[in-house]
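Let's take a friendly walk through this model together. Please keep the sequence and the 3D view at hand as you read.

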Amino acid sequence: MEEVCLNSEPIFDECDEYEVDGDGAFVDNGNESGEAQSKKNPPLPTVGLEFDSFDEAYDFYNVYAKELGFGIRVSNSWFRSKRKERYRAKLSCSSAGFKKKSEANNPRPETRTGCPAMIIIRLVDTKRWRIVEVELEHNHPVNPQITRFYKSHKKMILAAKKAQPQLHPVTEVHTIKLYRSTTLNGCSGCSNVDQREGISSVDHLKHLELKDGDGHALYNYFCRMKLTNPNFFYLMDLDNDGHLRNVFWADARSRTTYSYFCDTITIDTTCLTNRYEIPLISFVGVNHHGQSVLLGCGFVGFESVECFVWILKAWLQCMLGYSPQVIITDQNKTLVAAVSEVFPKACHCYSTWYIMQRVPEKLGGLKGYETIRSQLNKTVFSSLKIAEFETSWTNMIKHNALGDNKWLQSLYEDRTLWAPVYLKDIFFAGMVPIHANESFKTFFDGYVHKHTSFKEFLDKYDLALHRKYHKVSVADLESRNLSLELKTRCNFELQLSKVYTKDIFSKFQSEVEGMYSCFNTRQVSVNGPIVTYIVKERIEVEGNEKEVKYFEVLYETTEVDIRCICSLFNYKGYLCRHALNVLNYNGVEEIPARYILPRWCKDFKRRYLLGQSLSNTNMYSSSYQYSHILNCALPVVEEGAQSQERYKLALQELEKLLNKLNLVEDNPNNDG
């Protein structure tokens, strides 16, 4: 039976909470000692806990919530399409989400904070409910002393009142069933043993949860692609019982693109983090236009080190064993461990953008949130030296009494992996934000939502790639054919307008224009051939105010090496306004060649040789030869598309070449 979610929004009104049905709201386990113990220390919600009914699961979480001091509500429910039978539900803190804006004259004040605390329960074996996901942290204070104000807790008294004789005073009911957990040591909430039967079995949570026809749709798609695209690569990971655990694939263009742009990649696990229906993981790079490019993707059946290692090794095999220099991920600890195992020599960093995106969720419910957010942005993006970051962070924590905030504590412990000030010696190709207002989009943004199915994704995958490739082609044509407008008389601008692609030149052009906001460039020290300069710049801060900042620039006169403390060259791949000022101050009329990166040049793909990048690969393998020929043929395709005359000539020459190849008799003794 096909399963669908009938509500992209919560099925209940946002102001409603779950109504307890009849007298079955609370289950007496018939054990007074157990009751007293559960009342004193209610068990924590844990992945793997099972319940005999939806009501029991709700009551369990409600009792836990009352002891801690927060209310709950059903924020989402999923139903089977025909019988309207609920098979999945999300129970959230009553402060989750935000209320819809009211048009009333005197609307009620907003009391919700977008709190992430919740549990997700799912019907298993058609008769039991299991906790499959847990988030215990709140983004607001919780207080057991004010629980009487929450609806869900008031309903405890109402349910107890129905169940008890009226001669006795109404008391709150805290008895809970001693729910059985399927969690075993070392299994992170999943079991390989069915405790009810006492036999070994594979937990459904350790492989892909496919609906009817999904597996065949994937396999048929891969077979079709392999027929039409011989360099299409895919791997499917099956367990001993034939369940599909993990899947990875990459088309020929993704593989060729990686041969060009293999310096820095992002492993995007947004769909896993946000619990989308499809557990998608994407490998993404940046091309010569600064556009995101897909380098392969897959589905992960279970978030374990083992599954992540399989996906990463599949990707590495697809890319002929050539490892990237820099890998950016979120803070997923299992993924971090897998990256360390598969790519031991790569520089691994956390995504600054992803961390800053979580600030409203993690801190939005705190008093003085706007002030905290502003101070955090300034600490992260305005600190030029490590000492500045440390001092600013300490002041933010102290002034806002955030010493007990676990999320901020974890960020500080990992600061060397995500804060820009600690990452100045790493080349990011523009994949790290250095300003608070910089925004990034995931590769499949706008094509995938929380309830996108496997089948639907395969259709959208082709559409997304088609549109992305079209944008690349348009950008190539514009960079090659359009004359770029110059905005200054600076020779640096004229120099790079001839070599850089349109989009990258536009970003560099902003730095040239920014030279005019810099002033008072002065020499402060000399140490042999190394001269230190200070460049002042007026920069805008919050509220359209301006302040003067001091930037230290090191200039080596013999080799014309230059390094600014802002480190824009490593972050984005082109020189900053401060370095350009110092070059200009010293009478340098052209940017040294080492600071003009080939990866940003409009003819980069035409002059690039795959063999230089993959010199350690087997040159006689069919994979290498296919990639090499395809790489060499791409410039012919691009040149042939420039005009009707070139198009006709390219087709004629290709036809001649194909006829010659058909006349060649393959010698079996020459096979690699």
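The report below goes through a sheet, two backbone oddities, the salt bridges, the cysteines and a surface patch.

## A four-stranded sheet

Please keep in mind that this is a predicted model. A good place to begin is an open sheet of four strands, in which the order is 16-17-18-19 and the pairing is antiparallel. Its edges are formed by strand 16 (518–527) and strand 19 (561–564), each of which pairs on one side only. From one strand to the next, the twist averages 25°.

Have a look at the edge where strand 19 sits. Strand 18, covering residues 546–556, pairs with strand 19 in the antiparallel sense, and four bridges join them. If you would like one pair to click on, tyrosine 555 has isoleucine 562 in strand 19 as its bridge partner.

## Two residues with positive phi

Which residue in strand 16 deserves a second look? Asparagine 520 is located there, and its phi is positive, at about 55°, although it is not a glycine. With a relative accessible area of 38%, asparagine 520 is partly exposed.

Alanine 401 is not a glycine either, and has a positive phi of about 55°. Its setting is the loop between helix 12 (386–399) and helix 13 (406–413). Here the residue is exposed, as its relative accessible area of 68% shows.

## Salt bridges across the chain

How many salt bridges does a search of the whole structure find? The count is 22. As background, side chains of opposite charge can pair when their charged atoms come close.

One of these pairs joins lysine 572 to glutamate 438, with 2.8 Å between the closest N and O atoms. Lysine 572 belongs to helix 17 (residues 568–572), while glutamate 438 is in the loop between helix 13 and helix 14 (454–481), so the salt bridge ties together parts that lie 134 residues apart in sequence. Are the two partners buried or exposed? Lysine 572 counts as buried, because its relative accessibility is 9%, whereas glutamate 438 counts as partly exposed at 22%.

## More charged pairs

Another salt bridge brings together the side chains of glutamate 478 and lysine 502, at 3.4 Å from N to O. This pair links distant parts of the chain, 24 residues apart: glutamate 478 is in helix 14 and lysine 502 is in helix 16 (residues 502–514). Glutamate 478 is partly exposed, at 29% relative accessibility, and lysine 502 is partly exposed at 31%.

Back at the sheet, aspartate 561 and arginine 594 meet through their side chains in a salt bridge of 3.0 Å, N to O. Aspartate 561 is in strand 19, and arginine 594 is in the loop between helix 18 (577–585) and helix 19 (604–607), so that distant parts of the chain, 33 residues apart, are linked. Relative accessibility is 41% for arginine 594, which counts as partly exposed, and 29% for aspartate 561, which also counts as partly exposed. Elsewhere, a network of salt bridges links Glu50, Asp52, Arg128 and Arg130.

## Cysteines without disulfides

How many disulfides does the structure hold? The number is zero. Cysteine 93 is in no disulfide, and the nearest cysteine sulfur, belonging to cysteine 115, is 4.0 Å away. That distance can be set against the cut-off, which asks for sulfur atoms within 2.5 Å.

Cysteine 93 is buried, with a relative accessible area of 0%. Cysteine 318 also counts as buried, at 1% relative accessibility.

## A nonpolar patch on the surface

Let's finish on the surface. Val636, Tyr647, Leu651, Leu654, Leu657, Leu658 and Leu661 make a nonpolar patch of about 660 Å². Which helix gives the most to the patch? That is helix 22 (residues 644–663), with six residues.

Leucine 661 is a handy residue to pick out in helix 22. Leucine 661 counts as exposed because its relative accessibility is 52%, and the cut-off for exposed is over 50%.

Terms used
Residues are numbered from 1 along each chain as its sequence is written. This is a predicted model: local features need pLDDT of at least 70, side-chain atom pairs count only at pLDDT 80 or more; totals for chains, interfaces and linings use all residues. Side-chain values use heavy atoms; hydrogens and water are left out. Two strands pair if DSSP finds at least two bridges between them. Axes are lines fitted to C-alpha atoms, for helices over the stretch in contact, and angles run from 0 to 180 degrees between N-to-C directions. Patches are made of residues with over 30% relative accessible area and no salt bridge: like charges are joined within 9 Å, nonpolar side chains (Val, Leu, Ile, Met, Phe, Trp, Tyr) within 5 Å. Accessible areas come from the Shrake-Rupley method with a 1.4 Å probe; for residues, only the protein chains shown count as cover. A salt bridge is a side-chain nitrogen of Lys or Arg within 4 Å of a carboxyl oxygen of Asp or Glu. Buried means under 20% relative accessible area, exposed over 50%, partly exposed in between (1.4 Å probe, protein chains only).
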